[in-house]
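Visitor: Pick one charged side chain and look at it closely for me. Then follow the trail outward from there, with cut-offs as you go.

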Amino acid sequence: MNLTVDFRKPEIAGAFDWQLCQEINVKNEQGDIIAKAEIELITLNKHRDAVGSYTLLANEDTDWEIPLNLYFKGQNLEQGLCEQLSITAETKKAKTHILLEAISVLPQYRKQAIGQYLLKEIVKHHQKAQSITVLSMPMHLFVDADECEDEGIKAYYQAADLQTEKVAIDDLTHFFTKSGFVEFTVDESLLAEPLPYQIFVASPQSILKGST
């Protein structure tokens, strides 16, 4: 199957030009979208550390709260994660980090390594990024196709039939660990309540080395 990947132009996600969102689509030979990812990118530097960035992001509806507070130090992942993912911490230069907001493959195209292919294309495109994080939970719990404002996105998620073609949590865990992610275990004593998702973290290098 000949696939193409379409990276939509990044847009400013909120009030800051260093916080961007981007949609990425995989298309088949007929030009139909068969897989989709939605990501956010933030760029941190020594003058805009994780704590400072979270302070700025705190007034927005953001998923960065947990990652920034739990496993970032300045513009890098914490040292333990850097070592686990073979990342060299940068003390001076800015570092970009990716949050994978959503990734999906239409039911009839699953189990063909298209999800891994999409992840690898994302990190090739953003090869200067230091990390990619996913707050993993089944998409039918947070996406309602009928509420999507963009007609193209609505049509895609309606075709995905999320309420019928549900993906199990164990399947998500297998997919991300097979794709080069490591699970970040949260000390529950640090939380006001249990998280509704699992956290997985990867580097571009670990994803490119992941199974196909």
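Guide: Let's start with Glu23, which counts as buried because its relative accessibility is 14%. (Buried is under 20% relative accessible area, exposed is over 50%, and partly exposed is in between, using a 1.4 Å probe and protein chains only.) Before going further: this is a predicted model, where local features need pLDDT of at least 70 and side-chain atom pairs count only at pLDDT 80 or more, while totals for chains, interfaces and linings use all residues. Residues are numbered from 1 along each chain as its sequence is written, and side-chain values use heavy atoms, with hydrogens and water left out.

So what does Glu23 pair with? Its salt-bridge partner is Arg8, and the closest N and O atoms sit 3.6 Å apart. The two come from distant parts of the chain, 15 residues apart: Glu23 is in strand β3, and Arg8 is in the loop between β1 (4-7) and β2 (11-12). (A salt bridge here means a side-chain nitrogen of Lys or Arg within 4 Å of a carboxyl oxygen of Asp or Glu; helices, H or I with at least four residues, and strands, E with at least two, are DSSP runs numbered from the N terminus.) Arg8 counts as partly exposed because its relative accessibility is 40%.

How many salt bridges turn up in the whole structure? The search finds four. One of them joins Lys124 to Glu121, with the closest N and O atoms 3.5 Å apart. These two are three residues apart in helix α4, so about one helical turn separates them. Lys124 comes out at 45% relative accessibility, so it counts as partly exposed.

Helix α5 has a pair with that kind of spacing: Glu151 and Lys154 both lie in it, three residues apart, or about one turn of the helix. Their closest N and O atoms are 3.9 Å apart. Glu151 counts as exposed because it has 56% relative accessibility, whereas Lys154 counts as buried because it has 19%. Back at our starting point, salt bridges with shared partners tie Arg8, Glu23 and Lys36 into one network.

Lys36 is also a way into the nonpolar interior, through Tyr157. Setting aside neighbours within four places in sequence, Tyr157 is in contact (heavy atoms within 4.5 Å) with Lys36, Glu38, Ala102, Ser104, Met139, Val143, Ala145, Cys148 and Leu162. In the largest nonpolar core, which has 38 residues, Tyr157 joins Leu100, Phe176 and Phe181 as the members that touch the most others. The elements giving two or more residues to this core are β3 (19-27), β4 (33-44), β7 (95-105), α4 (114-125), β8 (129-136), α5 (151-160), α6 (169-178) and β10 (198-202). A second, separate core has 25 residues, including Ile42, Leu68, Leu135 and Tyr197. (A core is a set of buried Ala, Val, Leu, Ile, Met, Phe, Trp, Tyr and Cys residues joined through side-chain atoms within 4.5 Å.)

Ile42 takes us to another lysine. Lys95, in strand β7, touches Ile42, Thr43, Leu44, Gln75, Asn76, Glu90, Lys128 and Gln130, not counting residues up to four places away in sequence. Lys95 is buried because its relative accessible area is 18%. Its C-alpha atom is 8.9 Å from that of Ser131, which is 36 residues away along the chain.

Gln75 reappears beside Lys46, a residue of the loop between β4 and α1 (50-57). Not counting residues up to four places away in sequence, Lys46 touches Gln75, Thr91 and Lys92. By contrast, the C-alpha atoms of Lys46 and Gln30 are separated by 46 Å, though the residues are 16 apart along the chain.

Last stop, some backbone oddities. Lys111 has a positive phi of about 60 degrees although it is not a glycine. Lys111 belongs to the loop between β7 and α4, and it is exposed because its relative accessible area is 89%. Asp161 also has a positive phi, near 50 degrees, and is likewise not a glycine. Asp161 lies in the loop between α5 and α6, and it counts as partly exposed because its relative accessibility is 32%.
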